[in-house]
Amino acid sequence: MNTALFLTECKYELSDDDAASLNQTLSYLLEHQYEEISLKLTYFNPDSKKEGGSYISYKGIFKYFREDTRCLVFQGGKEICVDDIEKIKI
């Protein structure tokens with residue numbers, strides 16, 4: 001029997017400078033939503049079975065922001081909650 005051990009990471013708090021930079025980028029995206037901007041970002045993906053999760057890099061075309069779920073929606077339908085985003089690069 002082959003079993004794999006999957007370790008989880010803790011979600012960490014952003015520094016004040018990193019949070020300010022992220023907020024500035026998010027504000028820009030909200031002002032320019034529907035312009036199909038290409039983004040590369042890193043976000044925290046919580047583990048559904050245990051505490052913690054993992055950080056994932058994602059590259060996609062930003063379509064719009066969903067206020068009800070506070071998620072960025074990408075071409076193809078992927079949604080990433082802004083509260084889970086660590087960094088964004090336009």
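How far apart are the mean positions of the positive and negative charges of the protein? In this predicted model, the 11 positive and the 16 negative charges have mean positions that are 8 Å apart. The protein is built from one helix and five strands, and these elements follow one another from the N terminus in the order α-β-β-β-β-β. The points below take up the overall build, the largest pocket and two individual residues.

**Overall build**

- The C-alpha trace of the protein, taken along its principal axes, spans about 50 × 30 × 25 Å.
- The protein has 90 residues, of which 30% count as buried.
- The surface that the protein exposes comes to about 6600 Å², and carbon and sulfur atoms supply 47% of that area.
- Among the contacts in the protein that have a separation of 6 or more, 51% are accounted for by residues that stand 24 or more positions apart.

**The largest pocket**

- The space that lies in the largest pocket amounts to about 360 Å³.
- This pocket is lined by 19 residues, and those closest to its centre are Leu 14, Leu 22, Val 82, Asp 83 and Ile 85.
- Two or more residues of the lining come from each of the elements α1 (16–31), β2 (53–66) and β5 (85–89), and α1 gives the most, with five residues.

**Thr 42, in strand β1**

- Thr 42 is found in strand β1, which covers residues 37–46.
- Thr 42 counts as buried because its relative accessibility is 11%, and the cut-off for a buried residue is under 20%.
- When its neighbours within four places in sequence are left aside, Thr 42 is in contact with Tyr 55, Ile 56 and Ser 57, and also with Asp 84, Ile 85, Glu 86 and Lys 87.
- One of these contacts, Ile 85, is also among the residues closest to the centre of the largest pocket.

**Leu 7, before the helix**

- Leu 7 lies in the segment before α1.
- Leu 7 is classed as exposed because its relative accessible area is 72%, where the cut-off for an exposed residue is over 50%.
- Leu 7 and Gln 24 are 17 residues apart along the chain, and their C-alpha atoms are separated by 32 Å.

**Two residues side by side**

- Thr 42, in strand β1, is buried at 11% relative accessibility, whereas Leu 7, in the segment before α1, is exposed with a relative accessible area of 72%.

Terms used. Residues are numbered from 1 along each chain as its sequence is written. This is a predicted model: local features need pLDDT of at least 70, side-chain atom pairs count only at pLDDT 80 or more; totals for chains, interfaces and linings use all residues. Side-chain values use heavy atoms; hydrogens and water are left out. Helices (H or I, at least four residues) and strands (E, at least two) are DSSP runs, numbered from the N terminus. Buried means under 20% relative accessible area, exposed over 50%, partly exposed in between (1.4 Å probe, protein chains only). Contact means heavy atoms within 4.5 Å. Accessible areas come from the Shrake-Rupley method with a 1.4 Å probe; for residues, only the protein chains shown count as cover. Lys and Arg count as positive and Asp and Glu as negative; His and the chain ends are not counted. The place of a charge is taken as NZ of Lys, CZ of Arg, CG of Asp or CD of Glu. On a 1 Å grid over the protein atoms alone, a cavity is a set of points where a 1.4 Å probe fits but cannot get out, and a pocket is an open set with protein on both sides within 12 Å along at least five of seven lines; lining residues have an atom within 4 Å of a point. Grid points are joined across faces, edges and corners, and a volume is the space filled by probe spheres set on the points.
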